[in-house]
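This report is meant for a reader who is meeting the structure for the first time. It goes from a question about two helices to the chain as a whole, and then to some single residues.

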Amino acid sequence: IDAIIRMPQQVQGQDGHCGNFNLEVGDDSKELILERIGSPVSASESLFSSLPSIKEATAEDLSLADCEASVLEAGRRACEADLAEEGQEATEDLLEPCIFDFCFAGEDFAAMDAIVEHQSYVLQEEDWN
């Protein structure tokens, strides 16, 4: 499920899963967010604590270095085409997560990334203008 959550920038600042709303993608990595806010939400505080536990070895254990070279290149081409179709410039900030999804979740999932990125961009433009 893809979802776009719209929230106005908070006067006192904010931080979390989606970053800190300073429009600098470079400081919104999982590692930097956890450095700023501490550990993830505990099971007792989670709205989803009733869900069964999930195996810890997830996508966080993978990187683009784990993607087969031919799949990596095919992913780059597909993501560039998908982003162009959505009117988005194929910057590394957009390409990297798209290629990751192509490598580890498949081409259809990666194509959806481009659509969601485009919608997110449109909503941001509306919010900032």
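In which sense, left-handed or right-handed, does α2 pass α3? In this predicted model, the crossing of α2 past α3 is right-handed.

**The chain as a whole**

The protein chain holds four helices and zero strands, and its pattern, read along the sequence, is α-α-α-α. Of its 129 residues, 19% count as buried. Among the contacts in the chain with a separation of 6 or more, 50% are made by residues that lie 24 or more positions apart.

**Helix α2**

Helix α2 covers residues 69-85, and because its 17 residues should span 24 Å at 1.5 Å a residue, the 24 Å found between its end C-alpha atoms agrees with what is expected. The buried residues of this helix are G75, A78, C79, D82 and L83. Seen down the axis of α2, these buried residues fall within an arc of 130 degrees, and so they line one face of the helix. An α-helix has 3.6 residues a turn, so residues three or four places apart point the same way. The face of α2 that is turned away from the buried side carries the exposed residues A69 and A84. E73 also has its place in helix α2, and it counts as partly exposed because its relative accessibility is 40%, between the limits of 20% and 50%. Just after α2 comes G87, which takes a positive phi of about 75 degrees.

**Helix α3 and its partner**

Helix α3 has 14 residues and reaches 19 Å from its first C-alpha to its last, which is close to the 20 Å expected at 1.5 Å a residue. Its buried residues are L94, L95, C98, I99, F100, D101, F102 and C103. The helix is followed by G106, whose phi is positive and near 110 degrees.

Two packed helices are described by the angle between their axes and the distance between the axes. For α2 and α3, the axes come within 8 Å and cross at roughly 125 degrees. The two helices are therefore oblique to each other, since an angle of this kind lies outside the ranges that count as roughly parallel, roughly antiparallel or roughly perpendicular.

Which residues bring the two helices together? From α2, the residues V71, L72, A74, G75, R76, A78, C79, E80 and L83 meet E92, L94, L95, C98, I99, F102 and C103 of α3. Between these two helices one can also follow a pair of C-alpha atoms, those of E73 and I99, which are separated by 8.6 Å although the residues stand 26 residues apart along the chain.

**Single residues**

Is D101, which lies in helix α3 (residues 92-105), buried or exposed? D101 counts as buried because its relative accessibility is 16%, and buried means under 20%. Not counting residues up to four places away in sequence, D101 touches G106, F109, A110 and D113; among these contacts is the glycine G106 that follows α3 with its positive phi.

Two other residues, Q14 and F21, have their places in the segment before α1, as is stated for Q14 and for F21, where α1 is given as 30-37. Q14 is partly exposed, with a relative accessible area of 22%, and F21 is likewise partly exposed, with a relative accessible area of 22%. Leaving aside neighbours within four places in sequence, Q14 is in contact with M7, P8, Q9, G19, N20 and F21. F21 has a positive phi of about 65 degrees although it is not a glycine.

The C-alpha pairs that involve these residues, together with the pair from α2 and α3, are set side by side below.

| Pair | Separation along the chain | C-alpha to C-alpha distance |
|---|---|---|
| Q14 and I37 | 23 residues | 9.9 Å |
| F21 and Q10 | eleven residues | 8.7 Å |
| E73 and I99 | 26 residues | 8.6 Å |

Note on methods. Residues are numbered from 1 along each chain as its sequence is written. This is a predicted model: local features need pLDDT of at least 70, side-chain atom pairs count only at pLDDT 80 or more; totals for chains, interfaces and linings use all residues. Side-chain values use heavy atoms; hydrogens and water are left out. Buried means under 20% relative accessible area, exposed over 50%, partly exposed in between (1.4 Å probe, protein chains only). Contact means heavy atoms within 4.5 Å. The expected span of a helix is 1.5 Å times one less than its number of residues. The arc is that of the directions from the helix axis to the C-beta atoms. Axes are lines fitted to C-alpha atoms, for helices over the stretch in contact, and angles run from 0 to 180 degrees between N-to-C directions. Angles under 35 degrees count as roughly parallel, over 145 as roughly antiparallel, 65 to 115 as roughly perpendicular and the rest as oblique. A crossing is left-handed if the near helix is turned anticlockwise from the far one by less than a right angle, and right-handed if clockwise.
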